[in-house]
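Here are some short exercises on charged side chains, each with a worked solution. Have the model open and try each task before reading on.

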Amino acid sequence: MDFTPLHDRVLVRRIEADEKTAGGIIIPDTAKEKPQEGEVIAVGKGAKDDDGDRIELDVKVGDKILFGKWSGTEVKLNGEDLIIMKESDILGVIA
């Protein structure tokens, strides 16, 4: 993919949730909530502080993350639905 986010933004691919509950009930598409878990597929170079020094991001490509329900902007790149968000929208990295 030839896309690089700017500054402190990251490009995220949602990780799809299970289609069944623990009890075996199949959840239809209309009842599913959008997953709040994703994989970082591209990162920007970082924002600059007041002195002009670059602040590197804490996340890297390949990290699995949790993010807020309304975080980021949904985009379609190369036919794939992705999200661009600021690093501050990321709640944490899943180990």
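Before you start: R13 is partly exposed, at 29% relative accessibility (buried means under 20% relative accessible area, exposed over 50%, partly exposed in between, with a 1.4 Å probe and protein chains only). This is a predicted model, where local features need pLDDT of at least 70, side-chain atom pairs count only at pLDDT 80 or more, and totals for chains, interfaces and linings use all residues. Residues are numbered from 1 along each chain as its sequence is written, and side-chain values use heavy atoms, leaving out hydrogens and water.

**Exercise 1.** Find how many salt bridges the whole structure holds.

Solution. Start with the criterion: a side-chain nitrogen of Lys or Arg within 4 Å of a carboxyl oxygen of Asp or Glu. A search of the whole structure then gives six salt bridges.

**Exercise 2.** Work out which strands the salt bridge between R13 and E80 links.

Solution. First, take the contact: the closest N and O atoms of R13 and E80 are 2.5 Å apart. Next, place the partners: R13 lies in strand β1 and E80 in strand β7 (residues 80-86), 67 residues apart; strands are DSSP runs (E, at least two residues), numbered from the N terminus. Finally, check exposure: E80 is partly exposed at 25%.

**Exercise 3.** Decide whether K60 is buried or exposed, and do likewise for D63.

Solution. These two form a salt bridge, with closest N and O atoms 3.1 Å apart. K60 has a relative accessible area of 53%, so K60 is exposed. D63 has 11%, so D63 is buried.

Methods
Helix = DSSP H or I, 4+ residues; strand = E, 2+ residues; numbered from the N terminus.
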